[in-house]
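Me: I'm new to this one and would like a close look at a single part of it. Please start from one spot, stay with it for a while, and then work outward from there.

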Amino acid sequence: AEGKEIEELYIDEHNDISGVGRSKQRKVLTAVYWYGDKLKRHYFDSESKSTMEFLESKLPGVEVRVASINRAEDKMILRTFSDRTKGAYYFFNKKTKDVKLIQEVSPWLNANNMADMKPIKYKSRDGLTIHGYLTLPKGVEAKNLPVVVNIHGGPWARDHWGFNPEVQFLANRGYAVLQMNFRGSTSYGRAFWEASFKQWGQAMQNDVSDGAQWLIDQGIADPDRIAIYGGSYGGYATLAGLTYTPDLYCCGVD
């Protein structure tokens with residue numbers, strides 16, 4: 001009534017809270033969710049925590065999300081995925097503890113043939129920590145590789161860990177793919193977001209350039225074979241990269 005915060009239930013030091021879980025049936029707050037390198041949860045409710053831990057033990061190696069739930073909250077539709085598979089849908093009976101496969105989303109794709117998307121981080125030239133993902137082609141030494149710097153749109157959005165068919169296509173053709181959540185990317189806190197204000201083509205672009213240079217310094221990238229690629233804001237950043245740092249990229253696709 002007075003517009004005052006009464007109690008701080010949970011805070012993450014580095015990331016914005018992206019969602020809140022609540023049991024309508026039991027009328028309790030169950031958890032909060034946020035994205036770091038992957039989705040993370042903090043539980044307020046032991047029942048919800050034990051249920052999710054049980055599901056993760058039954059479905060190892062993939063992310064498990066509740067896609068739908070009945071009013072009694074004892075039957076659920078689950079969705080799984082990882083960086084190497086689009087995953088599947090499952091039916092879960094909470095009373096019997098039975099987890100039954102409904103359908104694989106893309107059974108024609110062999111997860112063993114897909115490349116790993118690995119979380120990475122590097123420092124920008126002015127000291128910010130930039131998080132992102134690096135996907136390397138399978139079976140190839142991570143040395144002197146051709147690279148596609150793949151920039152997300154928005155710019156007030158972000159790349160997430162998970163199955164990305166575009167990234168997998170490029171990795172399958174032998175390219176390393178770098179995705180960075182440059183300043184202004186969402187979920188990293190207000191200060192990181194505000195650091196992007198009036199910085200198109202400037203500090204935001206430096207974050208992209210610094211990522212490409214980081215790959216060169218690591219010995220992963222062939223400095224003569226780095227491409228820049230993106231749509232929406234990523235398209236702008238592609239054109240800005242070719243304009244401001246033409247010696248860094250051999251080509252670009254807007």
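Reply: Let's start with the side chain of Glu73, which reaches the backbone nitrogen of Gln25 at 3.1 Å. Keep in mind that this is a predicted model. Glu73 sits in the loop between β4 (63-69) and β5 (75-81). Is Glu73 buried or exposed? Its relative accessibility is 15%, so Glu73 counts as buried, given that buried means under 20%. Its backbone has something to show as well: phi of Glu73 is near 60°, a positive value in a residue that isn't glycine.

What does Glu73 touch, once its neighbours within four places in sequence are set aside? The contacts are Ser23, Lys24, Gln25, Arg26 and Lys94. Met52, by comparison, lies 21 residues from Glu73 along the sequence and 13 Å from Glu73 in space, C-alpha to C-alpha.

Now move along to Asp74, in the loop between β4 and β5. Asp74 has a relative accessibility of 9%, so it counts as buried. Its side chain meets that of Lys95 in a salt bridge, 3.4 Å from N to O. Lys95 belongs to the loop between β6 and β7, so this pair ties together parts that are 21 residues apart in sequence. Unlike a buried residue, Lys95 has a relative accessible area of 68%, which means that it is exposed.

Asn93 fits into this picture too. Asn93 lies in strand β6 (residues 88-93), and the side chain of Asn93 reaches the backbone nitrogen of Lys95 at 3.0 Å. Not counting residues up to four places away in sequence, Asn93 touches Asp74, Lys75 and Asp98. With a relative accessible area of 15%, Asn93 is buried.

A little further on comes Lys97, in the loop between β6 and β7 (98-104). Lys97 has a positive phi of about 65° although it is not a glycine. Its relative accessible area is 40%, so Lys97 is partly exposed. Lys97 also lies over the face of Phe54, at 4.9 Å from the ring centre. Elsewhere, Lys38 lies over the face of Trp161, at 4.1 Å from the ring centre.

Back to the charged pairs. How many salt bridges are there in total? The count comes to 14. One of them pairs the side chains of Glu63 and Arg65, at 3.3 Å from N to O. Another joins Arg183 and Asp126, whose closest N and O atoms are 2.7 Å apart. Arg183 lies in the loop between β11 and α3 (190-194) and Asp126 in the loop between β8 and β9, so this pair ties together parts that are 57 residues apart in sequence. Arg183 is buried, with a relative accessible area of 4%. There's also a network, with Arg26, Asp45, Glu47 and Lys94 joined by salt bridges that share partners. Two names there should ring a bell: Arg26 and Lys94 were among the contacts of Glu73.

Stepping out to the nonpolar side, what does the largest core look like? It has 28 residues, and those with the most contacts inside it are Leu134, Val149, Met180, Val208, Leu215 and Tyr249. Several elements supply at least two residues each, including β8 (117-123), β9 (129-135) and β12 (221-230). Helix α4 gives the most, with five residues. Apart from this core lies another one of ten residues, among them Leu59, Leu78, Ala88 and Phe92. As for background, nonpolar side chains in soluble globular proteins tend to be buried together.

Last stop, the aromatic rings. Twelve aromatic pairs turn up in a search of the whole structure. For Tyr122 and Trp214, the ring centres are 5.9 Å apart and the planes stand at 25°, so the pair is stacked. This pair links distant parts of the chain, with Tyr122 in strand β8 and Trp214 in helix α4, 92 residues apart. Tyr188 and Phe192 have their ring centres 5.4 Å apart and their planes at 55°, so that pair is tilted. Both Tyr188 and Phe192 are buried. Finally, Phe182, Trp200, Tyr233 and Tyr236 form one aromatic cluster.

Note on methods. Residues numbered from 1 in each chain as written. Predicted model: local features only at pLDDT ≥ 70, side-chain atom pairs only at ≥ 80, totals over all residues. Heavy atoms only, no water. Helix = DSSP H or I, 4+ residues; strand = E, 2+ residues; numbered from the N terminus. Buried < 20%, exposed > 50% of the residue type's maximum accessible area, 1.4 Å probe, protein only. Contact = heavy atoms within 4.5 Å. Polar contact = N/O pair within 3.5 Å; in protein donor to acceptor, adjacent residues only side chain to side chain. Core = buried A, V, L, I, M, F, W, Y, C linked by side-chain atoms within 4.5 Å. Phe/Tyr/Trp six-rings, centres within 6.5 Å; stacked < 30°, edge-to-face > 60°. Lys NZ or Arg CZ within 6 Å of the ring centre and 35° of its normal. Salt bridge = Lys/Arg side-chain N within 4 Å of Asp/Glu carboxyl O.
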